[in-house]
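User: Please take a close look at one part of this model, the aromatic pairing and the helix that it involves, and set it in the context of the chain.

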Amino acid sequence: MSVIYLLISISILVAVGFFIAFILAIKTGQYDDDYTPSVRILFDDELIESKVITPKVERKE
């Protein structure tokens, strides 16, 4: 039973460590993207036209 307590405490410490690393990465601006918005206007948006195939039904009258 003491092994479970040890594993839970280690996993909580690892999770807190990853959370602190994530917060520091956000505060230092690692996830900021300054380049893409200035270049996005230079590229045309390509519209993909989906071809809808409709079967032709011939009626004999």
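Analyst: In this predicted model, Phe22 has a relative accessible area of 41% and is therefore partly exposed, since that class lies between the limits of 20% for buried and 50% for exposed. Tyr31, with a relative accessible area of 56%, is exposed. The count of aromatic pairs comes to one, and the rings concerned are those of Phe22 and Tyr31, whose centres lie 6.2 Å apart and whose planes meet at 50 degrees, so the pair is tilted.

Helix 1 covers residues 2–27, and just after this helix Gly29 adopts a positive phi of about 85 degrees. The helix itself has 26 residues and spans 38 Å from its first C-alpha to its last, which is close to the 38 Å expected at 1.5 Å a residue.

A nonpolar patch on the surface is formed by Met1, Ile4, Tyr5, Ile8, Ile12, Val16, Ile20 and Leu24, which together have about 830 Å² of accessible area. As background to such spacing, an α-helix has 3.6 residues a turn, so residues three or four places apart point the same way. Val16, one of the patch members, sits in helix 1 and counts as partly exposed because its relative accessibility is 41%.

As for the setting, the chain contains two helices and zero strands, and 3% of its 61 residues count as buried. The chain exposes about 6,900 Å², of which carbon and sulfur atoms supply 64%.

Technical notes:
Residues numbered from 1 in each chain as written. Predicted model: local features only at pLDDT ≥ 70, side-chain atom pairs only at ≥ 80, totals over all residues. Heavy atoms only, no water. Patch = residues over 30% accessible without salt bridge, like charges linked within 9 Å, V, L, I, M, F, W, Y side chains within 5 Å. Areas by Shrake-Rupley, 256 points an atom, 1.4 Å probe, with all protein chains shown as cover. Salt bridge = Lys/Arg side-chain N within 4 Å of Asp/Glu carboxyl O. Helix = DSSP H or I, 4+ residues; strand = E, 2+ residues; numbered from the N terminus. Buried < 20%, exposed > 50% of the residue type's maximum accessible area, 1.4 Å probe, protein only. Expected span 1.5 Å × (residues − 1). Phe/Tyr/Trp six-rings, centres within 6.5 Å; stacked < 30°, edge-to-face > 60°.
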